[in-house]
Amino acid sequence: MVIVMKPGTSQAKIRALVARLEKDHGVKVGITNGVDCSILGLVGDTTHIDMDKLSMNEDVERVMRVQEPYKKANRKFHPEDTVVDVNGVKVGGGTFAVIAGPCSVESEEQIVEVARDVMASGASMLRGGAFKPRTSPYSFQGMGTPGLDLLLEAKAATGLPIVTELMSPKYCELFENEVDLVQIGARNMQNFDLLKEAGKMSKPILLKRGLSNTYEEWIMSAEYIMAAGNENVILCERGVRTFETYTRNTLDLSAIPAIRRMSHLPIIVDPSHAAGMYWMVEPLAMAAAAVGADGIMVEVHNDPPHAKCDGQQSLTPESFQHLMDQIKPLVSLVGKTLA
Ligand code: PEP
Ligand code: MN
């Protein structure tokens, strides 16, 4: 962190500020006295220093961070890729994980049938929402806890680890016992209480990018989970809001190389929620693999026209099989192996 002092600030005031910074924050401060002003260079852990408070000091001209505000998620302090183990399925570090399943769990027949189909096509995990974050309170809100039981039945039938969304801290204990990969949805990316509770869980977390959040805000949310004790976080790019209305969201493929540089955490892509249209899912999934994603999460339904949620963007089991046939050679081409 660098602090530029206002011209004419006395050396006594500068020394007092330096002493306070060193005492309160345990940093070392180097002072450079220029012709007009002095510049303070802070070395050490500055994550706890409030830049805005410092800027309010009447002798301070400007405060600048030279380091990112995230530590645990930062690639600089952890150069190797993190590999997250989801009940035996490795995500990151050279594997390509495919999570597939319906938007929401609707019935035993539906979830077990889809689970069997996606497993036969090579999926490594089963997704399905039991608690659904819907824009309208009048839309299907998910089956709730009976939906989790059905996911467990599908897991028993196929052996696939299950991925489902946690919307409230009150279900942490239940998810801790029953879910293999705990999803935090786009709408809850900055629900800090939820992130802190997820950080106390022993299960890995799938953190989706918020509807309009920057890379840094997204990584800071991962940092919340990690700072609370859970370092097994997988990031998921799912499209962001832009001026374009043709697609449901705009898939930000730049996020993959950017996040890879900023963080060591694995990153996967959800082309279904990005596109919002079934016919765009396969090409976007291919693009995700090509740009270096560690996997994809795809919505698959056995009867999309009658799906209770997101049928328009769901693949049939047949079109999912087609996607897998197309993506497998691409995954090898980029030097990864299917998880
Ligand atoms: C989902 O994956 O079921 C979902 C609701 O996605 P998002 O949070 O990305 O909108
Ligand atoms: Mn959905």
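1. In this predicted model, Asp59 is a buried residue, its relative accessible area being 14%. Its side chain forms a salt bridge with that of Lys13, with 3.5 Å from N to O. Because Asp59 sits in the loop between helix H2 (51-55) and E4 while Lys13 belongs to helix H1, the pair ties together parts of the chain that are 46 residues apart in sequence. Lys13, for its part, counts as partly exposed at 40% relative accessibility. Through salt bridges that share partners, Lys13, Glu58 and Asp59 are joined into one network, and the search of the whole structure finds 14 salt bridges.

2. The elements around that pair include an open sheet of 4 strands, whose order is E2-E3-E1-E4 and whose pairing is antiparallel. Strand E2 (28-33) and strand E4 (60-64) stand at the edges and have a single partner strand each, so one side of each is left without a neighbour in the sheet. On average, and with direction ignored, neighbouring strands of this sheet are turned by 20 degrees against each other. Helix H1 (residues 11-25), which carries Lys13, lies across strand E1 (2-5), E2, E3 and E4, and runs at about 160 degrees to E2.

3. For a reader tracing the sheet residue by residue, the contact between E2 and E3 is a convenient place to begin. E2 and strand E3 (residues 38-43) run antiparallel and are joined by 6 bridges, and within E3 it is Leu40 that stands opposite Ile31.

4. Which protein atoms are the donors of the manganese ion (ligand 2)? They are Cys103 (SG), His273 (NE2), Glu299 (OE) and Asp310 (OD), and they lie 2.0 to 2.4 Å from the ion. Along the chain, these donors follow the spacing C-x169-H-x25-E-x10-D. Cys103 is found in the loop between strand E7 (95-101) and helix H3 (108-121), whereas His273 is found in helix H9 (residues 271-275), so this pair ties together parts that are 170 residues apart in sequence. As to accessibility, Cys103 counts as buried at 2%, and His273 is buried with a relative accessible area of 8%.

5. Glu299 deserves a separate point, since besides being a donor of the manganese ion (ligand 2) its side chain meets that of Arg127 in a salt bridge, at 3.5 Å from N to O. Arg127 lies in strand E8 (residues 125-127) and Glu299 in strand E14 (residues 295-299), so the pair ties together parts that are 172 residues apart in sequence. Both ends of this salt bridge are buried, with Arg127 at 3% relative accessibility and Glu299 at 1%.

6. A further salt bridge joins the side chains of Lys155 and Asp180, with 3.0 Å from N to O. This pair also links distant parts of the chain, for Lys155 is in helix H4 (residues 145-158) and Asp180 is in the loop between helix H5 (172-178) and strand E10 (181-184), 25 residues apart. Lys155 is partly exposed, its relative accessible area being 22%, whereas Asp180 counts as buried at 6% relative accessibility.

7. Is strand E12 (residues 233-237) largely enclosed or left open by the rest of the structure? Of its 5 residues, 5 are buried, so E12 is largely enclosed by the rest of the structure. Both of its faces are covered, with Val233, Leu235 and Glu237 buried on one side and Ile234 and Cys236 buried on the other. E12 pairs with strand E11 (residues 205-208) in the parallel sense over 4 bridges, and in E12 it is Val233 that serves as the bridge partner of Ile205.

8. The largest nonpolar core has 68 residues, and of these Leu207 and Phe320 touch the most other members. Leaving aside residues up to four places away in sequence, Phe320 touches Val98, Ala100, Val118, Ser121, Ala123, Val298, Val300 and Leu315. Apart from this core lies another, of 15 residues, with Leu21, Val27, Ile49 and Leu54 among them.

Notes:
Residues numbered from 1 in each chain as written. Chains lettered and ligands numbered in written order. Predicted model: local features only at pLDDT ≥ 70, side-chain atom pairs only at ≥ 80, totals over all residues. Heavy atoms only, no water. Core = buried A, V, L, I, M, F, W, Y, C linked by side-chain atoms within 4.5 Å. Buried < 20%, exposed > 50% of the residue type's maximum accessible area, 1.4 Å probe, protein only. Contact = heavy atoms within 4.5 Å. Donors = N, O, S within 2.8 Å, 3.2 Å for Na, K, Ca; no water. Helix = DSSP H or I, 4+ residues; strand = E, 2+ residues; numbered from the N terminus. Pairing = 2+ DSSP bridges. Axes fitted to C-alpha atoms, helices over the stretch in contact; angles between N-to-C directions. Salt bridge = Lys/Arg side-chain N within 4 Å of Asp/Glu carboxyl O.
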